[in-house]
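The exercises below are to be worked with the sequence and the 3D structure at hand. Each task is followed by a solution in steps.

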Amino acid sequence: MNRATAERRSPRTAPAERVRRRLAAQAGEAVAREMPSGYQRMGRVLLLRLPATLRPYYPLLGEAWRAELGIATVLVRAGPVEGELRRPSVEIVAGTETETQVVEHGVVYRFDAARILFAQGNRAERQRAGRLVQPGETVVDLFAGIGYFAVPAARTGPATRVLAVEKNPASFAYLLANARANGVADRIDARLGDNREVSLPPGEADRVFLGYLPSSVPWVERAVSLVRAAGGWLHVHAVADARTARAHAEAAVAATLDRLGAERLAPLRSREVKPYGPGRTHVVVDARIRAGSVR
Ligand SMILES: C[S@@+](CC[C@H](N)C(=O)[O-])C[C@H]1O[C@@H](n2cnc3c(N)ncnc32)[C@H](O)[C@@H]1O
């Protein structure tokens, strides 16, 4: 084995560097320098962001990543996440199987990585969702997806009942599958449809998750109507300018609560979830409230 091959195979060398060396051997150092070192591994599927200049090398890169990580499929992001249903736009560059499974903090998430967004940066927030929930709570997730928050709420909390609304049929099918896979199907009441139209019981929720970006503030009114008369929590997600994101999101939630006449039972609190593009931050505002004149 020559030195270059030995180095490429060394377990101490990061996988991205080993792939970069394979590319350099085939296409030259100048091309290889364009390869980003970042990647998102979702079980046996890998998602890459590559510059268009590397397009001629996608097949080579796909096979190189597959070999280095021992995974099934390599996807390349082809465009922005699309529309209200947050569909990713991806191209398959190696392999065929896009269904995968990720295990986080004991929670199993199954999904089709080519059709469904699984935001790596929300990992801590998914875990927090489970920890926030107190045993016996009734929880509503207005944007349930594949069960990002609903499954940890039912499993870790554990909530007695999670009403989980999801509009995208593909995500909804995985929401049902994940409820079963995590042994909480009896506690997750999944509803397929638009949360503006799906019938939900007013005044029964201890907690409502509003995990929609760029902003779930327009859904605060609906969420307030779902909270118990004694009070409950809203977790309102939004994206804002990174310099003022938390203050901006808190002000938006406060203004909406004030307009609705909802009472704040504790000062609003917020936290940064992840960077969200250049100069933007994804934040979540926790609001303990009681409905006022909104009822
Ligand atoms: C991308 S997920 C949220 C991400 C998630 N919180 C995480 O941890 O990664 C948002 C979900 O809301 C769903 N959705 C968007 N608008 C909706 C609506 N009006 N009613 C019900 N579901 C909706 C989308 O289909 C999507 O599955």
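**Exercise 1. Polar contacts of the ligand**

How many Å from an oxygen atom of the ligand does a polar side-chain atom of R126 lie? Extend the answer to the ligand's other surroundings.

Solution. The model is a predicted one.

Step 1. The distance from a polar side-chain atom of R126 to a ligand oxygen is 3.2 Å.

Step 2. Turn to the ligand nitrogens. K167 places a backbone N or O atom 3.3 Å from a nitrogen atom of the ligand. For R196, a polar side-chain atom is 3.5 Å from a ligand nitrogen.

Step 3. Consider the cover. The ligand alone exposes 600 Å², of which the protein buries 96%.

Step 4. Describe the shell. It has 19 residues, and N122, E166, D194, N195 and G211 come nearest to the ligand. By class, the shell residues are 6 nonpolar, 6 polar and 7 charged.

**Exercise 2. R207**

Determine whether R207 is buried or exposed, and list its partners.

Solution.

Step 1. Locate the residue: R207 belongs to strand β10.

Step 2. Apply the cut-off. Buried means under 20% relative accessible area. R207 has 3% relative accessibility and therefore counts as buried.

Step 3. Look for a polar partner. The side chains of R207 and H235 are joined by a polar contact of 2.9 Å.

Step 4. List the contacts, leaving aside neighbours within four places in sequence. R207 is in contact with L132, V133, Q134, E137, T138, V139, V140, W233 and H235.

**Exercise 3. A loop residue**

Where is N182 found, and which residues does it touch?

Solution.

Step 1. N182 sits in the loop between α7 (169-181) and β9 (188-192).

Step 2. Its relative accessible area is 6%, so N182 is buried.

Step 3. Not counting residues up to four places away in sequence, N182 touches G106, V107, V108, V151 and R155.

**Exercise 4. The nonpolar cores**

Which residues of the largest nonpolar core touch the most other members?

Solution.

Step 1. The core contains 35 residues, and those touching the most other members are L142, V208, L210, V224, L234 and L257.

Step 2. Assign the core to elements. At least two residues come from each of β8 (161-166), β10 (207-210), α8 (220-226), β11 (232-241), α9 (245-260) and β14 (280-290). The most come from α9, which gives 6 residues.

Step 3. Take L257 as an example. Beyond four places in sequence, L257 touches V220, V224, L234, A262, R264, L268, A287 and I289.

Step 4. Another core, of 34 residues, lies apart from this one, and M42, V133, V162 and A164 are among its members.

Terms used
Residues are numbered from 1 along each chain as its sequence is written. This is a predicted model: local features need pLDDT of at least 70, side-chain atom pairs count only at pLDDT 80 or more; totals for chains, interfaces and linings use all residues. Side-chain values use heavy atoms; hydrogens and water are left out. A nonpolar core is a set of buried Ala, Val, Leu, Ile, Met, Phe, Trp, Tyr and Cys residues joined through side-chain atoms within 4.5 Å. Buried means under 20% relative accessible area, exposed over 50%, partly exposed in between (1.4 Å probe, protein chains only). Helices (H or I, at least four residues) and strands (E, at least two) are DSSP runs, numbered from the N terminus. Contact means heavy atoms within 4.5 Å. A residue is near a molecule or strand if one of its heavy atoms lies within 4 Å of it. A polar contact is a pair of N or O atoms within 3.5 Å; within protein, one must be able to donate a hydrogen and the other to accept it, and residues adjacent in sequence count only if both atoms are side-chain atoms. Accessible areas come from the Shrake-Rupley method with a 1.4 Å probe; for residues, only the protein chains shown count as cover. Ala, Val, Leu, Ile, Met, Phe, Trp, Tyr, Cys and Pro count as nonpolar, Asp, Glu, Lys and Arg as charged, and the others, Gly among them, as polar.
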